[in-house]
Amino acid sequence: LNTHHLDGATNMAIDEAISRAVVAGLVPPTLRFFGWQPACLSLGQAQPGGDVDRKACRLNGIDVVRRPTGGRAILHTDELTYSVIAPDGDPRIAGTIVESYQRLSAGLLKGLNLMGVPTQQADRVDGHDQDQGPVCFEVPSHYEIVFGGKKLVGSAQMRKAGVVLQHGTLPLHGDIARITRYLSSQPDPDRVRGRATTVEAAIGRAID
C-alpha cells in the first residue's frame, strides 16, 4: 500500500487496523509506505512523554504521537516510512526479533543498493549503548542500515496477539538533527549529525 502523507494519529490508526485485519485473516501480510503531514514527532511505545518539548512542538506546528513499536523519538519529515505487518508465523518475520530484523534489513539493503545508495548492514549489537539518549537515530540497533558508519534507516518492532508490526524510517534530505529542537533534554545536534545521515548526504542528490 502507498497511503501517501497523513497526520500522525491517522498513520498509527491505519497500522492498528491492518494489524487487527491480519490477525483475523481478512488481509494478507502487508507492506505499507507512507509519509507525514504535518511533520510529526513519534515516541517509542515505552518512551517517557516528558522527553517531548510540547511548547516547541505547538509553536512550530509539529504533531506528536506514540508508536506501538519500541525505540526512541523520531521526527518524521522529509522521509519515507514503511510498515511491515504479518502473522508471527510468516517465514519472513519468523524467529527472534533480531533474526527477523536481519532478514528485513537484507531487503531494505537490496532496495537501497538498487537506488544507488552504497549502504551496509550494521553488525549485531551486543547489549545496549549506555549513553543512548532520547533520539532514535543516535545509535544503530541490530542489523540496521548504515552509511559511512552513520545510521540511515531506523526500525522498531512490536509483537502482540499473533502479529508482528515493524516500522522503519528512511530520512531523505534535510538536517537530521532538527529533532533536537523538540526534545526537553535538548540533545547536542552535532552528536546526532555525527551518528546519523540522510539519503541525500549519501548519494549527493535529493530524492523525492
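## Exercises on a five-stranded sheet

In this predicted model, an open sheet of five strands follows the order β1-β2-β6-β11-β10, and its pairing is mixed.

**Exercise 1.** Work out which strands stand at the edges of the sheet, and what this leaves on one side of each.

*Solution.* Begin with the order β1-β2-β6-β11-β10 and look at its two ends. There stand β1, residues 2–6, and β10, residues 154–160, and each has a single partner strand, so one side of each is left without a neighbour in the sheet. Turning to how the strands lie against each other, neighbouring strands of this sheet are turned by 20° on average, when direction is ignored.

**Exercise 2.** Describe how strand β2 is joined to strand β6, and find the bridge partner of threonine 30.

*Solution.* Strand β2 covers residues 30–36 and strand β6 covers residues 79–87; the two run antiparallel and are joined by five bridges. Within β6, the residue that bridges to threonine 30 is isoleucine 85.

**Exercise 3.** Determine which strands helix α1 and helix α3 lie across.

*Solution.* Take helix α1 (residues 8–23), which lies across β1, β2, β6 and β11 and runs at about 170° to β2. Then take helix α3 (residues 97–114), which lies across β6, β10 and β11 and runs at about 140° to β10.

**Exercise 4.** Decide whether proline 171 is buried or exposed.

*Solution.* Locate proline 171 in strand β11. Its relative accessibility is 7%, and since a residue is called buried under 20%, proline 171 counts as buried. Finally, compare its position with that of glycine 95: the two are 76 residues apart in sequence, and their C-alpha atoms are 28 Å apart in space.

Terms used. Residues numbered from 1 in each chain as written. Predicted model: local features only at pLDDT ≥ 70, side-chain atom pairs only at ≥ 80, totals over all residues. Heavy atoms only, no water. Pairing = 2+ DSSP bridges. Helix = DSSP H or I, 4+ residues; strand = E, 2+ residues; numbered from the N terminus. Axes fitted to C-alpha atoms, helices over the stretch in contact; angles between N-to-C directions. Contact = heavy atoms within 4.5 Å. Buried < 20%, exposed > 50% of the residue type's maximum accessible area, 1.4 Å probe, protein only.
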